[in-house]
Amino acid sequence: MASREEMIDIHNMCACSHIRMASRAVTRFYDEALRSSGLKSTQFVLLAAIEAGEAASITDLAELIDIERTTLVRNLQLLRKEGLVAPEKGMNGRQRPLLTKEGIEALEAALPLWRQAQSEIEERLGYGSWQVTRRRLGELRKAVG
């Protein structure tokens, strides 16, 4: 069995653990900021990605936001039940989600709240530090991908 010191090192040094803790903290921060809009941060990001229009299909969207396709489909089903997205035939007959009128309104209502939260993150970290952090997170994704 590993020593107690090694177990403490795992807790202190594990990249996976630290990134997950940071992710949960940041998610809570954005969820709280968006609370009055009725959207969770994950829903907001998904609606924004759909509205950006860069994905021609559900598979493309899953790749764009780096999420498992099955997880994306479940999230889209929830948004569809809430009347925020609807399917549309995309290229080659593949389906792609589009925002409904209600989805656009929800995104527009949440956008100022997101901007405020984003500004607060950048202010707390310092804009330059946030840019370095964002770049390094991208490098980390590539290193393990």
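The largest pocket in this structure has a volume of about 1,900 Å³. The model is predicted, and the values below are computed from it.

**The largest pocket**

The lining of the largest pocket is made up of 38 residues. Those that lie nearest the centre of this pocket are Ser23, Val26, Thr27, Val45 and Arg141. Five helices each supply at least two residues of the lining: α2 (15-34), α3 (41-52), α5 (69-81), α6 (101-125) and α7 (127-144). The helix that gives the most is α2, with ten residues. By residue type, the lining of the largest pocket divides into 21 nonpolar, ten polar and seven charged residues.

**The second largest pocket**

The second largest pocket has a volume of about 180 Å³. Its lining consists of Ile58, Val73, Leu76, Gln77, Arg80, Val85, Ala86, Pro87, Gln95, Arg96 and Pro97. Two or more of these residues come from each of α5, β1 (85-89) and β2 (95-99). Here α5 gives the most to the lining, with four residues. Seven residues of this lining are nonpolar, two are polar and two are charged.

**The two pockets side by side**

| Pocket | Volume | Element giving the most | Lining by type |
|---|---|---|---|
| Largest pocket | about 1,900 Å³ | α2, ten residues | 21 nonpolar, ten polar, seven charged |
| Second largest pocket | about 180 Å³ | α5, four residues | seven nonpolar, two polar, two charged |

The helix α5 supplies at least two residues to the lining of the largest pocket, and α5 also gives four residues to the lining of the second largest pocket.

Notes: Residues numbered from 1 in each chain as written. Predicted model: local features only at pLDDT ≥ 70, side-chain atom pairs only at ≥ 80, totals over all residues. Heavy atoms only, no water. 1 Å grid on protein atoms, 1.4 Å probe; cavity = no way out; pocket = protein on both sides within 12 Å on 5 of 7 lines; lining within 4 Å. Points joined across faces, edges and corners; volume = space filled by probe spheres on them. Nonpolar A, V, L, I, M, F, W, Y, C, P; charged D, E, K, R; others polar.
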